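Let's take a walk through this structure together. Keep the sequence and the 3D view open as you read.

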Amino acid sequence: MTGQDSSDPRLDTPADLAAALDRLPPVRARAEFQAELQRRFVDAPIPVAEPPPARSFAPIEAPPRRSRWLQIVTIAAAAGIAVLLWRWPYAPNWTVLGGSRFEHVTVDGKSFTFDQREELAAALHDGVEIETGEGQLDLRLDQRVALHLGPQTTLMLVRVPEPAMGAEITLEAKSGSVAVVTGPEFAGAGLVVRSPDADARVVGTEFAIDIFSEGTCVCCAEGHVRVLPVGTELTPAPVDPTEEPDDTPAVDARAVGPGRNNFLYRDRSMPAEEGEAASDHLAPLQWLRGAWND
Amino acid sequence: MNSPHPRAARASSAEESGGDASAAELSSAELVALRDRQPAVLERFYRLYFERVFGYVRRLVRDEHTAEDLTQDIFMHLHRALPAYDPSRALRPWVFTIATNKVRDFWSSRGFQERSRTGSTDDHAERHFESPAPGRGPRELLEAGELSLAVQSAVDRLPEGLRQTLLLRYFEGLSFADIGRVLERNEVAVRKRYSRALEELRESLGELDPALARTPEQEP
């Protein structure tokens, strides 16, 4: 390699390898995906919000020299702060919205009335189980996610990491119905909602999960949701070409797009069904979209 | 005959899809309008960058569904981050920094770690795609006259760090300094990675037919 850094990378690349690389087959996306994303990007701007802090793009500079004592003090201070933070666990910032009325909602068996919304929000930690009983509950997790829990819903907050971690939010719906709207600061978070029959994995979208005795219905209003039978690997394991093919049915990992639904039966012998999203399942999303306006 | 460089081919593609044939990148005025998220410029930006971003991501992750998810995430992040974009800075490195960070976050995710055969994000980890021609390596494909598939197989076999460097340098034409900022490496390390990537391609493909490198004027 010449060591030059010109705008033309061919100057850094042997001619025959460059010619070979020029033959690399192009990668094409699905036309419907490209069109849908264009519509969202150009025609439906996301509500204005402060973007999450961008990673540093500053020129790389040599660190300044420091005295050894200053280095020791800095390390000790950092260790002290780390201990302090470790002893001060992250508490998710939940808000109970006033849109849906309820008489009693229980969190890990403890009952809260509608007038005790702040106490209820403070009780929503990792691992708790929320039961709505006869009522309905609307929740907002800072600027990332808003949820609507319908009557007779049991939802566990399995894991709600702090935003800076970029880790996935994990919820488990055991019964009832859960509608989800992602918020202005959702990007990069990741969310999976598990039901007895399906894992619904989210990338910036709006959808509703309704659990029935026969199975789980996932209706998508905006964006797309990847729905898989619970416990299924998202990506099929690489096929060993020397193995004999078996009769295991292929995993259907297609996305549920806007206006569509996917029903996964509890009886795994029955294939999943696709169709139009049910308007009554999507109804709670109309109100949830305004969850970011206060 | 030499094929046009992929960036030149994209300029032609942009023209075919209604883009500005004279500019494969946005003008200074358009960059300001982009920061303000004016719809016409958003559309032009999308047309210029969608295939490049999707192609970059798709060549780095295992499957198309993940590539779609990441691409969507990248464009949503771009849209949100545009108000903070400085039009005096080059656009391409900024876009590919965001794209690279999203891919890196995906590789670091617990789900991916559990699915990965090696369970490591080490640059030397060998995570391969499903081969375009299972059971046949680049040399076999070359011998069968399938050059495009051979090149694809050879590129897919590169470790992720080397593949990233190759894609950013050869196909996006970023400088080594800019690639260093994108990959959070110093420039010397990036140059070494590029050299290693070319060495591994050479090892996979062997010495290629010199006719590949001839320009039309050099044809007998």
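A hairpin of 3 residues links β10(A) to β11(A). Strand β10 covers residues 191-194 of chain A, and its pairing with β11(A) is antiparallel, over 4 bridges; pairing here asks for at least two bridges found by DSSP between two strands. Helices and strands themselves are DSSP runs numbered from the N terminus, with helices (H or I) having at least four residues and strands (E) at least two. Across the hairpin, Val193(A) sits opposite Ala200(A) of β11(A).

On to the next partner: β11(A) also pairs with strand β14 (residues 225-229) of chain A, again antiparallel, over 5 bridges. There, Ala200(A) has Val227(A) as its bridge partner. Strand β11 (residues 198-202) of chain A is largely enclosed by the rest of the structure, because 4 of its 5 residues are buried. "Buried" means under 20% relative accessible area, "exposed" means over 50%, and "partly exposed" is in between, with a 1.4 Å probe and protein chains only.

A word on what you're looking at: this is a predicted model, where local features need pLDDT of at least 70, side-chain atom pairs count only at pLDDT 80 or more, and totals for chains, interfaces and linings use all residues. Residues are numbered from 1 along each chain as its sequence is written, chains are lettered from A and ligands numbered from 1 in the order in which they are written, and side-chain values use heavy atoms, leaving out hydrogens and water.

Step back to chain A as a whole. It has 5 helices and 17 strands, and 43% of its 294 residues count as buried.

What about the cysteines? A disulfide is a covalent bond between the sulfur atoms of two cysteines. The cut-off used here is a pair of cysteine sulfur atoms within 2.5 Å, and the structure holds 0 of them over all chains. Why does Cys219(A) not form a bond with Cys217(A)? Cys217(A) holds the closest cysteine sulfur, but at 3.6 Å from the sulfur of Cys219(A) it is too far for a bond. For Cys220(A), the closest cysteine sulfur is in Cys219(A), 8.9 Å away, so that is too far as well. Cys219(A) is buried at 0% relative accessibility, and Cys220(A) is buried at 0% too.

Now for the nonpolar cores, each a set of buried Ala, Val, Leu, Ile, Met, Phe, Trp, Tyr and Cys residues joined through side-chain atoms within 4.5 Å. The largest has 69 residues, and those with the most contacts inside it are Phe45(B), Phe75(B), Leu91(B) and Leu166(B). Helix α3 (residues 39-58) of chain B gives this core its largest share, 11 residues. A second, separate core has 41 residues, among them Phe112(A), Leu120(A), Leu139(A) and Val227(A).

Contact means heavy atoms within 4.5 Å. Beyond its neighbours within four places in sequence, Leu166(B) is in contact with residues including Leu21(A), Val155(B) and Tyr194(B). Val155(B) is one of the buried residues of helix α8 (residues 147-157) of chain B. The buried residues of α8(B) pack against α1 (15-22) of chain A, along with α7 (138-143), α9 (160-171) and α11 (187-205) of chain B.

Is Leu147(B), in that helix, buried or exposed? Leu147(B) is buried, at a relative accessible area of 14%. Its C-alpha is 9.5 Å from that of Leu205(B), although the two are 58 residues apart in sequence.
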